[in-house]
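Colleague: I should like a close look at the second largest pocket of this model, together with the helix packing and the other pocket that help to place it. Please give one connected account.

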Amino acid sequence: AFFEVMMKITMFIIRFAPLGIFGIVSNIVAKQALQGNLGDIGSSLGLYMLTVILALATHAFITLPLLVKFVGKSDPVKHARGMVTALLTAFSTASSSATLPLTMEAVEYNSGVSNKITSFVLPLGATVNMDGTSLYQAVAVVALAQFHAVDLSIGQQFVIIITATLASIGAAAVPSAGLVLMIIVLESVGLDPAWIALIFPVDRILDMCRTVVNVTDRKSTR
């Protein structure tokens, strides 16, 4: 009975969450519009998205293939071909958990990894190996600070890197989990967590991209 009550409360919150997010975003946008900064919001979000996507692409197409070739002593092209189905699923669902069965199948049958290693490493990596989420959080916090004209010192930027890495380890393998944990990263350097509202509108697209990197990284380091 207690479980049923908690599920009812949870579903109530989930159904009203979009309205709450809309209210937060509208409030921020309205304030910026009154200050004549509405155009700056659009250009800043576009530059922010481009930066995140380029950083994720660099990690996925340069860093990881080099690790596969020189550390894993494997063929990066063959590695990528065996992951097509899993990566498409990761992009469409933005969930590492939903992609996990396909990732395990690809690693075991396409890459020839034993079932024992696959069954241990991949579920563990689904929680603690999220490079895409870590990268995204660091870039997002710096972008929000720049948008609000806050100069971050080298020490604060180092704290952001460490905190984003630790926060990504504890991120759930579900859509937009990294966005929630970004609150911790913002607070670690004394920034306002409410600033997250600015990047809510574009987070879904970036979430799909960083999930692909998370899944690719997990298979590359198996």
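Modeller: In this predicted model, the largest share of the lining of the second largest pocket comes from α7, which supplies seven residues. Helix α2 also takes part, since α2 and α7 each supply at least two residues of that lining. The lining of the second largest pocket comprises 15 residues, and those nearest its centre are Ser44, Tyr48, Ala143, Leu144 and Gln146. By class, twelve of the lining residues are nonpolar and three are polar, while none is charged. The volume of the second largest pocket is about 280 Å³.

Helix α7, which spans residues 131-147, also packs against helix α8, residues 154-169; their axes come within 8 Å and cross at roughly 140 degrees. Angles over 145 degrees count as roughly antiparallel, and α7 and α8 are therefore oblique to each other. The crossing of α7 past α8 is right-handed. On the α7 side, the contact is made by Thr133, Ser134, Gln137, Ala138, Val141 and Val142. Helix α8 contributes Ile160, Ala164, Thr165, Ala167 and Ser168. The contact of α7 with α8 holds six nonpolar and five polar residues, with no charged ones.

Helix α2 leads on to the largest pocket, for α2 (38-70) gives the most to its lining, with eight residues. The other elements that give two or more residues there are α3 (76-81), α4 and α10 (200-220). In total, 19 residues line the largest pocket, and Ala60, Phe61, Leu87, Val212 and Thr216 lie nearest its centre. This lining divides into 16 nonpolar and three polar residues, again with no charged residue. The volume of the largest pocket is about 420 Å³.

Helix α4, one of the elements lining the largest pocket, has a packing partner in helix α5. The two helices, residues 84-93 and 96-110, pack at an angle of about 175 degrees with their axes 9 Å apart. That angle makes α4 roughly antiparallel to α5. Thr85, Ala86, Thr89, Ala90 and Thr93 of α4 meet Ala98, Thr99, Leu102 and Thr103 of α5 in this contact. The residues of the contact of α4 with α5 comprise four nonpolar, five polar and no charged.

To return to the request, α7 both supplies the largest share of the lining of the second largest pocket and passes α8 in a right-handed crossing.

Key:
Residues numbered from 1 in each chain as written. Predicted model: local features only at pLDDT ≥ 70, side-chain atom pairs only at ≥ 80, totals over all residues. Heavy atoms only, no water. Axes fitted to C-alpha atoms, helices over the stretch in contact; angles between N-to-C directions. Helix = DSSP H or I, 4+ residues; strand = E, 2+ residues; numbered from the N terminus. Parallel < 35°, antiparallel > 145°, perpendicular 65-115°, else oblique. Contact = heavy atoms within 4.5 Å. Nonpolar A, V, L, I, M, F, W, Y, C, P; charged D, E, K, R; others polar. Left-handed = near helix turned anticlockwise from the far one by under 90°. 1 Å grid on protein atoms, 1.4 Å probe; cavity = no way out; pocket = protein on both sides within 12 Å on 5 of 7 lines; lining within 4 Å. Points joined across faces, edges and corners; volume = space filled by probe spheres on them.
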